[in-house]
Every structure is written in C-alpha cells, then in structure tokens.
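User: I am new to this structure and would like a close look at its aromatic rings and what surrounds them. Could you walk me through that part?

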Amino acid sequence: SHIFSILYYAVILRQAMMPKLSLVSGTLAVLLAALLGNAPGVPEWKYDLPNIVEEEKGETIQFTGGDGTTTLTGRLYHPAGRKQQTPVIVLAHGLGLSQDCSLDIFVNAFNDAGFATFTFDYATFGASEGFPRHVINPSGQIADLHAAIDVIEKTDSLQVDTSKIGLWGTSYGGGHVLVAAASQNPSIRAVVSQAPFLGSGTKTLLISTVALAKQLLASMKWALLGIVGKTWYVPIYGPPGSAAIMQNEGDNEGYASLLPPGGGKYGHRNAASVGSVFRVLMHRPINSVASVVAPSLLIAAEHDTLCPVEQVVKAAEIIEGAELLVLPGLGHFDVYSGDALKEILSSTTKFLKKHLK
C-alpha cells in the first residue's frame with residue numbers, strides 16, 4: 001500500500017509541476033530558437049560549375065579525384081620554348097583557396113626556371129565538382145593531391161617527365177605535400193613546404209571567449225541542420241573575435257590579399273562548413289614527416305601564428321637531410337609579397353633545379 005501511495009502522490013506532483021516545466025522548457029526553446037536564428041555564418045548556396053574557357057596560357061585537365069567519383073579541374077602550364085619533356089611541379093594551395101588565388105606568381109617563376117607546373121582545385125572548391133561546397137576534408141584533399149600526381153604519371157599526352165615530379169605546397173597545402181611525400185613514391189624527387197600547417201598548437205588555438213561562443217553557436221546550428229541533411233558555414237577568415245577559422249591578428253587582411261577581385265572566375269566565398277573546423281584542428285601532418293625520404297625544403301616565418309616556426313623547425317629536424325629557411329620578423333601572409341617573396345622564389349627555384357634538373 002505504501003508503494004501505491006508513493007506512486008499516487010508522485011503522479012499528483014508531476015501533474016502539478018507540468019505547467020511550470022512546460023513554461024520553462026517552452027521559454028528555453030524560444031531562447032534557443034532566437035539564438036540559433038542569429039547564429040553567425042551562412043547557409044548552403046546554389047552553385048553552378050563555371051564553364052571551362054581555355055586561356056592563352058595553360059591547358060585544362062579534368063581528372064577523377066581521390067574519392068574515385070568527383071571530377072576535379074586542374075591546369076597544366078609548360079615553360080616557354082621547351083624542346084623536350086620537362087620536370088613538373090604540382091602545386092597544392094592553402095586553406096579554402098582555389099587555383100586562381102595568387103598561385104600565378106609561383107607558376108610563372110617555376111615556368112621561367114624551366115619547369116612545367118600543374119595546379120588544381122580540391123573537391124568542393126573552385127572549378128572542381130563536389131557538393132555541398134567548401135567542405136575542408138584534409139584526408140580527402142591529400143587523396144586529391146595523390147590523384148593529381150597519378151594523372152601526371154599516367155597521361156603520356158601531357159608531355160612532361162613523369163620520373164621527375166616536384167611537390168610545392170603552401171600553408172595547409174604545405175602540410176599536404178609532406179604527407180603525400182611520405183608515401184615514398186619514387187617519382188616525387190623534391191618537396192617544397194612553405195609556411196606549412198603541421199598541426200594545431202597553443203598559438204593556433206588562442207581565440208577569445210566571444211569568438212569561442214560564436215563558434216559554439218554556429219556548431220549547434222550546423223548539428224541541427226545536419227539532421228535534415230543540410231549544412232551551415234562559418235567564415236574562413238575574419239577579424240579577431242569573429243566566428244572565423246582564421247582570426248589571428250592580420251589574418252583578415254592577409255588572406256583577403258590573396259583573393260582575386262570579386263572572388264575571381266570561380267566565385268570564391270569566404271565560407272567553410274562548420275564540420276571543416278573540427279577536421280582542420282585535428283589534422284596533424286607532423287605525424288607523417290618521419291617517412292619523407294625525398295629531398296625537402298621547409299620554409300617558415302618567424303612570427304607565424306597560424307603555422308608556428310617551432311613546428312616547422314621540428315619537422316626539418318625529423319626529415320633526414322631537409323633544408324630549412326626561416327624568414328626573420330615575418331608573419332604567415334608576409335611570405336606572399338615583397339622582399340620575402342623574392343627570397344623564397346630564389347631559394348625555391350635553386351632547390352628545385354638542384355634536385356629535378
């Protein structure tokens with residue numbers, strides 16, 4: 001009888017509390033909806049792949065990406081006046097960037113040095129297929145890089161020396177080329193890793209409480225939209241205190257300086273899926289560098305807060321025979337302009353000639 005009495009009064013108490021619980025839960029639901037309605041970021045956008053227009057310089061090459069299904073778009077550039085097959089440099093760009101974002105300086109320098117060059121867009125970026133757009137998947141991007149190397153090795157009509165392939169990568173792509181080289185493909189004869197991302201550290205993770213709150217709010221909205229098969233995006237770059245992936249001092253201006261006017265011919269957008277944030281932070285190319293056997297040149301900026309010099313120095317110490325160039329007094333985006341760029345191009349072309357010619 002005592003048990004029945006307890007159950008009876010428990011039911012009475014629950015019924016008495018229901019209006020208050022409903023009020024609380026209802027209020028929380030309204031507040032949550034209001035918060036998520038104002039979550040930083042943007043929804044998915046409609047995207048039509050651009051029409052491929054052949055340019056005066058370069059040849060468009062479309063090939064299957066690392067997932068075995070997605071069509072990627074690249075461009076092959078030959079040096080002027082070539083009389084024989086030449087070594088080729090495959091270029092891997094940085095976080096969220098497509099091949100029309102300031103790679104031409106490096107393409108021209110390598111072509112002038114007598115090398116063919118091959119640029120390409122990772123899946124979901126630029127002229128390559130893949131939806132939803134702007135999903136940064138480091139393992140998928142490395143697989144796309146391997147697919148680019150593979151198409152060069154197996155396509156005789158490209159007229160390049162497939163036994164002499166060089167890899168060049170910058171920032172996030174700088175880590176990718178080291179991981180790709182760790183496969184010990186004998187065709188990869190030289191690697192240049194410029195200001196490479198090698199793994200998140202204390203410098204790369206220092207964001208304000210406000211920024212963290214914004215990213216958490218965007219993550220909640222992304223998680224809820226995922227239930228219905230949709231995604232949500234945060235900025236790739238932005239000022240400190242924003243929800244952007246890159247928001248250290250100078251990142252906003254530095255990243256923007258690499259973009260073509262109006263987003264370029266591929267319509268670059270400052271957006272990456274929220275799920276990309278977690279994958280970016282968990283990626284650790286430093287764990288693969290011990291397997292790199294190809295001659296390697298690593299370039300670091302002394303005051304780089306995105307890709308700290310300490311990690312680059314450590315990687316250079318791990319890779320047997322690696323060369324290291326540290327640029328004093330410079331930040332991450334300083335490597336793309338001015339005297340620093342001149343020094344980098346000079347050192348890089350000298351290194352590539354030494355190992356590929």
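To start with, are Phe120 and Tyr122 buried or exposed?

Analyst: Happy to help! Please keep in mind that this is a predicted model. Phe120 and Tyr122 are both buried.

Let's begin with the rings as a group. There are 11 aromatic pairs in the structure. Phe120 and Tyr122 make up one of them, an edge-to-face pair with 5.3 Å centre to centre and 85° between the planes. An angle over 60 degrees counts as edge-to-face, and 85° is the angle here. These two rings also belong to a cluster, in which ring pairs link Phe63, Phe118, Phe120 and Tyr122.

Now for another pair. Trp222 and Phe278 are tilted, with 5.9 Å centre to centre and 45° between the planes. This pair links distant parts of the chain: Trp222 belongs to helix α5 (residues 209-226) and Phe278 to helix α7 (residues 274-282), 56 residues apart. What about their exposure? Trp222 has a relative accessible area of 28%, so it counts as partly exposed. Phe278 is partly exposed too, because its relative accessible area is 42%.

Some rings have a charged partner. Lys221 lies over the face of Trp232, at 4.1 Å from the ring centre. In a second case, the charged end of Lys357 sits over the ring of Phe115, 4.9 Å from its centre.

Phe115 also leads us to the nonpolar core, as it is in contact with Phe110. Beyond its neighbours within four places in sequence, Phe110 is in contact with Ile89, Leu91, Phe115, Thr117, Trp168, Thr348, Thr349 and Leu352. In the largest nonpolar core, which has 53 residues, Phe110 and Leu352 touch the most other members. The element that gives the most to this core is helix α9 (residues 338-356), with six residues. Another core lies apart from it and has 41 residues, including Ala92, Val151, Leu198 and Ala316. As background, nonpolar side chains in soluble globular proteins tend to be buried together.

Ala316 brings us to a last stop, helix α8 (residues 309-318), whose buried residues are Val309, Gln311, Val312, Ala315 and Ala316. They are on the same side of α8 because they cover an arc of only 160° around the axis. In an α-helix there are 3.6 residues a turn, so residues three or four places apart point the same way. The buried residues of α8 pack against β10 (296-301) and β11 (323-327).

Definitions and conventions. Residues numbered from 1 in each chain as written. Predicted model: local features only at pLDDT ≥ 70, side-chain atom pairs only at ≥ 80, totals over all residues. Heavy atoms only, no water. Phe/Tyr/Trp six-rings, centres within 6.5 Å; stacked < 30°, edge-to-face > 60°. Buried < 20%, exposed > 50% of the residue type's maximum accessible area, 1.4 Å probe, protein only. Helix = DSSP H or I, 4+ residues; strand = E, 2+ residues; numbered from the N terminus. Lys NZ or Arg CZ within 6 Å of the ring centre and 35° of its normal. Arc of directions from axis to C-beta. Contact = heavy atoms within 4.5 Å. Core = buried A, V, L, I, M, F, W, Y, C linked by side-chain atoms within 4.5 Å.
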